[in-house]
Amino acid sequence: MSAYNKAQKGKSKTYGVQLFTQDLESNIDKLHKELMTATYITSEYSVFKIYDPKERMIYRLPFRDRVVHHAIMNVLEPIWVSIFISNTYSCIKSRGIHKVLQHLKRDLKDITETRYCLKFDIRKYYPSVDHDVLKMIIRKKIKDDRLLSLLDNIIDSAPGIPIGNYLSQFFANLYMAYFDHWVKEELKVKYYYRYADDVVILASDKSLLHELFIVINDYLSTELNLKIKSNYQVFPVESRGIDFVGYVFYHSHILMRKSIKQNFCRKAAKLSKQTLSEKEYSKRISPHLGWANHCNSRHLIKKICNMKKFSDFGINSLQDKNIFAVPIISIEEVTNREIEVLDYEPGVRTKHGEDRYIVKIKIDNSERKFFTNAAPIKEALSKISKSDLPFLTTVKQQRFGSGSGKTFYFT
């Protein structure tokens, strides 16, 4: 039932979910018997193409198979995640793009050792995954014959790793997991980052990166049967920036990727021509502002957005205060630590229409900022006059009942 609940999350109104739910108990019982007796066989895929941002073949299974995939991952996820190094980010809980941002911003402070960048990705990664190699990798950790037979059946149900399967994102990470360890532990690469099949390596010496590329290319070709795209690059970070996970990283600042910025501009231009309430305008522009919040974008926002409508977000005061100029830190990183509050402003609104406060602090002798919707912090800040700043305080964490909800408050 746990697997069913996870599989239908956000999809409860789709036809496949509703059909499965009509006779839920019987369908769950049937799946359970098939798995226990090793008679489960992956259903036939429906295959279609998408063209955004590029042409891809998408494989879609009936909902019952998605339930099976979630049941498998309920058991295997903690085992496989334990294999991944901390610099692998795609489709892993508590990582993702924000963790890449955090790590790259931190490491780029070491300017001497991050002068040059090697950036590459794999040619047609998902379709190129070798089934025999993937099965061998899986068997390094999994020994149960019945489970291995089930995984083999799923792997052999489509060429490569089918884009669209819930299990595919884990297979994709697992396939290069031991390559990650080899790079970090055998090659002794200090600054290494992988998001799916996109890889970034930083070093002080350009020639060193060219030598690394030759060795890495040989490993991927011989051990994993993968080919690196011919457009790999070795370049100076200072002059070009690292185009990675939607942002362009420099030593001193971060910019939004050109294509994302263009979409932001088009969206803002389209909305400015419509007659919308402030709440509706906020709701529609918020996804783009979410990208902008994590880079140096105050001049971009000021240039392309309707500032009259954006006064609702407190953007004007943020431009004056220049509060975006300092790096972001997660609120968990300041929990139970004494900080010096330097400034605060209401920021971009959440999807529920609440002000998302931006708090500028001093911690470990450096200025940082964090974002919070927490009512206790917002209430505490609203009672503080700007003339009272700066002040010392501690951020506490509090959980409610048995749920995962949490809030933060000042003491």
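Which hand does the crossing of H3 and H4 have? The crossing is right-handed. What follows covers helix packing and empty space in this predicted model.

**Helix pairs**

Start with H3 and H4. Helix H3 spans residues 24-36 and helix H4 spans residues 63-81. Their axes lie 11 Å apart, and the packing angle is about 60°. The two helices are therefore oblique to each other. On the H3 side, the contact uses Ile-28, Leu-31, Glu-34 and Leu-35. On the H4 side, Arg-64, Val-67 and Val-68 meet them. By class, the residues of this contact are five nonpolar, no polar and two charged.

H3 also packs against helix H2, residues 15-22. Here the axes come within 5 Å and cross at roughly 90°. H2 and H3 are therefore roughly perpendicular to each other. H2 brings Leu-19, Phe-20, Thr-21 and Gln-22 to the contact. H3 answers with Leu-24, Asn-27, Ile-28 and Leu-31. This contact has five nonpolar, three polar and no charged residues. Ile-28 and Leu-31 of H3 thus appear in the contact with H2 and in the contact with H4.

H4 has another partner, H8. The axes of H4 and H8 come within 12 Å and cross at roughly 110°. That angle makes H4 roughly perpendicular to H8. The crossing of H4 and H8 is left-handed. From H4, the contact takes His-69, Ile-72, Leu-76 and Trp-80. From H8, it takes Leu-147, Leu-150, Leu-151 and Ile-154. The classes are seven nonpolar, one polar and no charged.

| Helix pair | Axis distance | Angle |
|---|---|---|
| H3 and H4 | 11 Å apart | about 60° |
| H2 and H3 | within 5 Å | roughly 90° |
| H4 and H8 | within 12 Å | roughly 110° |

**The cavity**

How many cavities of 30 Å³ or more does the structure hold? It holds one. The largest cavity contains about 60 Å³ of space. Its lining consists of His-131, Leu-134, Ile-154, Ile-155, Gly-160, Ile-161, Pro-162, Asn-165, Ser-168 and Phe-171. Three helices each supply at least two of the lining residues: H7 (131-138), H8 (145-155) and H9 (168-175). By class, the lining has six nonpolar, four polar and no charged residues. Ile-154 plays a part in two places: it lines the largest cavity, and it belongs to the H8 side of the contact with H4.

**The pockets**

What is the volume of the largest pocket? It is about 1500 Å³. The lining of the largest pocket counts 42 residues. Nearest its centre lie Lys-54, Arg-56, Asp-121, Asp-197 and Asp-198. Several elements give two or more residues to this lining. The strands are E2 (56-60), E3 (116-121) and E7 (242-244). The helices are H6 (125-128), H9 and H13 (258-272). By class, the lining divides into 21 nonpolar, nine polar and 12 charged residues. H9 therefore serves two linings, since residues from H9 also line the largest cavity.The second largest pocket holds about 720 Å³ of space. Its lining has 22 residues. Which of them lie nearest its centre? They are His-98, Ser-330, Ile-331, Glu-332 and Arg-356. Helix H5 (96-107), helix H18 (331-334) and strand E12 (366-372) each supply at least two lining residues. H5 gives the largest share, five residues. By class, this lining has eight nonpolar, eight polar and six charged residues.

Terms used: Residues are numbered from 1 along each chain as its sequence is written. This is a predicted model: local features need pLDDT of at least 70, side-chain atom pairs count only at pLDDT 80 or more; totals for chains, interfaces and linings use all residues. Side-chain values use heavy atoms; hydrogens and water are left out. On a 1 Å grid over the protein atoms alone, a cavity is a set of points where a 1.4 Å probe fits but cannot get out, and a pocket is an open set with protein on both sides within 12 Å along at least five of seven lines; lining residues have an atom within 4 Å of a point. Grid points are joined across faces, edges and corners, and a volume is the space filled by probe spheres set on the points. Helices (H or I, at least four residues) and strands (E, at least two) are DSSP runs, numbered from the N terminus. Ala, Val, Leu, Ile, Met, Phe, Trp, Tyr, Cys and Pro count as nonpolar, Asp, Glu, Lys and Arg as charged, and the others, Gly among them, as polar. Axes are lines fitted to C-alpha atoms, for helices over the stretch in contact, and angles run from 0 to 180 degrees between N-to-C directions. Angles under 35 degrees count as roughly parallel, over 145 as roughly antiparallel, 65 to 115 as roughly perpendicular and the rest as oblique. A crossing is left-handed if the near helix is turned anticlockwise from the far one by less than a right angle, and right-handed if clockwise. Contact means heavy atoms within 4.5 Å.
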